[in-house]
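Here are my notes on this one, written as numbered points. Have the sequence and the coordinates open while you read.

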Amino acid sequence: MIVGSGVLLALITGLFALVILRPDRAARMSGRTWIIWGGLVLPALVLPPLVLVSLIAGERLSPSDPVPRIEAEARQWSWTFHYPDHGGAQTEDILHLPSGQAVDIVITSRDVIHSFWVPRLAGKMDAVPGRENVLRLIGGAPGVMEGLCAEFCGLDHTHMRFDVQVHDPEGLAAALSTPVFAPEP
């Protein structure tokens, strides 16, 4: 992308230099010629290779292996996390993540619109009743950080926070072997 934008900058700078250094030559070109060459041909030469490079790079960045899934359900005023890949473990207001591994967080809501946000890991994603939104996170180094609801959802909205605990693989298995609470009947 940097090389492509550099080529585009060089071509535009060259045209600009032509107009400044040789105004008589630039004046001989009609407005239609400038539009065709500067507005159609130049972008047609530069943009398709950039699109191709970005598509190839995007495919390389996408993991080919299945990504673990964690289901996050918001309700006034707490979060429930369900771990189907870890024997159905379930926690409340504590999200356990593996260190350095991509995880898909499937976000939904039981009652009103909430917003799932872990500022140190990713942007915000809305939790909408009846809809599943997926956010891919990669936990950093093992440790603890804070997540929160970033959408006003009622009077106790400011208390709708959760801990994010990033574990090494052994620590994750140990943390999820003793769920914080039992699922509702």
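The points below go from the overall layout to the core and then to single residues.

1. First, the ground rules. This is a predicted model, in which local features need pLDDT of at least 70 and side-chain atom pairs count only at pLDDT 80 or more, while totals for chains, interfaces and linings use all residues. Residues are numbered from 1 along each chain as its sequence is written, and side-chain values use heavy atoms, with hydrogens and water left out.

2. Overall layout. The protein has four helices and 10 strands; here helices (H or I, at least four residues) and strands (E, at least two) are DSSP runs, numbered from the N terminus. Along the sequence the order is α-α-α-β-β-β-β-β-β-β-β-β-β-α. The radius of gyration is 25 Å, well over the 16 Å that the globule rule gives for 185 residues, so the protein is more spread out than a compact globule. For the record, that radius is taken over C-alpha atoms, and the rule is 2.2 Å times the number of residues to the power 0.38. The C-alpha atoms fill a box of roughly 80 × 40 × 25 Å along the principal axes.

3. Surface and contacts. Buried residues make up 30% of the 185, where buried means under 20% relative accessible area, exposed over 50% and partly exposed in between (1.4 Å probe, protein chains only). About 11,300 Å² is exposed, and carbon and sulfur atoms supply 63% of it; the areas come from the Shrake-Rupley method with a 1.4 Å probe, and for residues only the protein chains shown count as cover. Of the contacts (heavy atoms within 4.5 Å) with a separation of 6 or more, 61% are between residues 24 or more positions apart.

4. The core. Which residues touch the most other members of the largest nonpolar core? They are Trp-79, Phe-81, Leu-95, Leu-97, Ile-105 and Phe-116, out of 26 residues. Such a core is a set of buried Ala, Val, Leu, Ile, Met, Phe, Trp, Tyr and Cys residues joined through side-chain atoms within 4.5 Å. Elements giving two or more residues to this core include strands E1 (69–75), E2 (78–83), E4 (94–98) and E5 (102–109), along with helix H4 (169–177). In soluble globular proteins, nonpolar side chains tend to be buried together.

5. Leu-97 and His-167. Leu-97 is in strand E4 and counts as buried at 1% relative accessibility. Beyond four places in sequence, its contacts include Ile-70, Ile-105, Leu-137, Val-164 and His-167. His-167 itself is in strand E10 and is buried at 15%. Among the residues that His-167 touches, leaving out those up to four places away, are His-96, Leu-97, Pro-142 and Leu-172.

6. Phe-81 and Asp-93. Setting aside neighbours within four places, Phe-81 is in contact with Ala-72, Asp-93, Leu-95, Phe-116 and Phe-162, among others. Asp-93 deserves a look: its phi is near 60°, a positive value in a residue other than glycine. It is found in the loop between strand E3 (89–92) and E4 and is partly exposed, with a relative accessible area of 23%.

7. A cis bond. Which two residues does the cis peptide bond join? Gln-76 and Trp-77, with omega about 10°. Trp-77 lies in the loop between E1 and E2. As background, most residues other than glycine have a negative phi, and most peptide bonds are trans.

8. Helix H3. Ile-35 is found in helix H3 (residues 31–61) and is exposed at 56% relative accessibility. From Ile-35 to Asp-104 the C-alpha distance is 46 Å, with their positions 69 residues apart in sequence. Pro-43 has its place in helix H3 and counts as partly exposed at 23%. Pro-43 and Leu-8 are 35 residues apart along the chain, and their C-alpha atoms are separated by 8.2 Å.

9. Pro-119. This residue is in the loop between strand E6 (114–117) and strand E7 (125–127), partly exposed with a relative accessible area of 42%. Outside the four-place window, Pro-119 touches Glu-146 and Leu-148.
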